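Please look over the fold, the surface and the pocket of the model shown here. The report below takes up these topics in turn, beginning with a term on which part of the discussion rests.

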Amino acid sequence: MHLWSDGYRHLHIVGPLFLLNFIAGVLVALAVLGAPLRWLGPSALIAAVLAAGTLAALSISINMGLFGYKEYLADNFVHLSIWVESSAIVVLGAVAGRAASVAVRSRSRSGLRSAPTASA
């Protein structure tokens, strides 16, 4: 949001995409933070995908340019963005994996308890 308000909002396509990315990030963060356990895995996975998409767009912008705009590694916040998005992918991926693992174990335990027993 800082970069958008600091001048990126004036860039033809990139400006609105920065704002859209900010809005999506806030919504997904609220979904992850407020998700009940059964929705934590999918919410964290969606957040990790958003972070990966943001990192991919930054990488494309640095290497080839994106919608007529090119970032440079020396630009403000580029290194910070790379670290933050990479960390988000790792942490949110781990949360999604852990939540999925807990959900599978919970389902298998409840299935074992409710299964009828055969009498001999």
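A residue counts as buried when its relative accessible area is under 20%, as exposed when that area is over 50%, and as partly exposed in between. Gly25 has a relative accessible area of 27% and is therefore partly exposed. The structure is a predicted model, and the values that follow should be read with that in mind.

**Overall fold**

The secondary structure of the protein chain consists of four helices and zero strands, and the order of its elements, read from the N terminus on, is α-α-α-α. The chain has 120 residues, of which 20% count as buried.

**Residues of helices α2 and α3**

Gly25 belongs to helix α2, which covers residues 14-34, and Leu30 is found in α2 as well. Leu30 has a relative accessible area of 54%, so this residue is classed as exposed, the cut-off for that class being over 50%. Helix α3 holds Gly41 and also Ala52. Gly41 counts as buried because its relative accessibility is 11%, a value to be set against the limit of under 20%. Ala52, with a relative accessibility of 32%, counts as partly exposed.

Each of the two glycines, and Ala52 too, can be paired with a residue that lies some way off along the chain, as the table sets out with C-alpha to C-alpha distances.

| Pair | Separation in sequence | C-alpha to C-alpha distance |
|---|---|---|
| Gly25 and Ala51 | 26 residues | 8.3 Å |
| Gly41 and Arg98 | 57 residues | 7.6 Å |
| Ala52 and Glu85 | 33 residues | 6.9 Å |

**A nonpolar patch on the surface**

Which residues make the nonpolar surface patch of about 530 Å²? The patch is made by Met1, Phe22, Ile23, Val26, Leu27 and Leu30. Leu30, a member of this patch, is the exposed residue of helix α2 described above.

**The largest pocket**

The largest pocket has a volume of about 1000 Å³, and its lining is made up of 34 residues. Those that lie nearest the centre of the pocket are Phe18, Asn21, Phe22, Thr54 and Glu85. Phe22 thus appears both in this list and in the nonpolar patch, while Glu85 is also the residue whose C-alpha is 6.9 Å from that of Ala52.

Which helices supply at least two residues each to this lining? They are α1 (2-5), α2, α3 (37-63) and α4 (78-114), and the largest share, eleven residues, comes from α2. By residue class, the lining divides into 24 nonpolar, eight polar and two charged residues.

Notes. Residues numbered from 1 in each chain as written. Predicted model: local features only at pLDDT ≥ 70, side-chain atom pairs only at ≥ 80, totals over all residues. Heavy atoms only, no water. Buried < 20%, exposed > 50% of the residue type's maximum accessible area, 1.4 Å probe, protein only. Patch = residues over 30% accessible without salt bridge, like charges linked within 9 Å, V, L, I, M, F, W, Y side chains within 5 Å. Areas by Shrake-Rupley, 256 points an atom, 1.4 Å probe, with all protein chains shown as cover. Salt bridge = Lys/Arg side-chain N within 4 Å of Asp/Glu carboxyl O. 1 Å grid on protein atoms, 1.4 Å probe; cavity = no way out; pocket = protein on both sides within 12 Å on 5 of 7 lines; lining within 4 Å. Points joined across faces, edges and corners; volume = space filled by probe spheres on them. Nonpolar A, V, L, I, M, F, W, Y, C, P; charged D, E, K, R; others polar.
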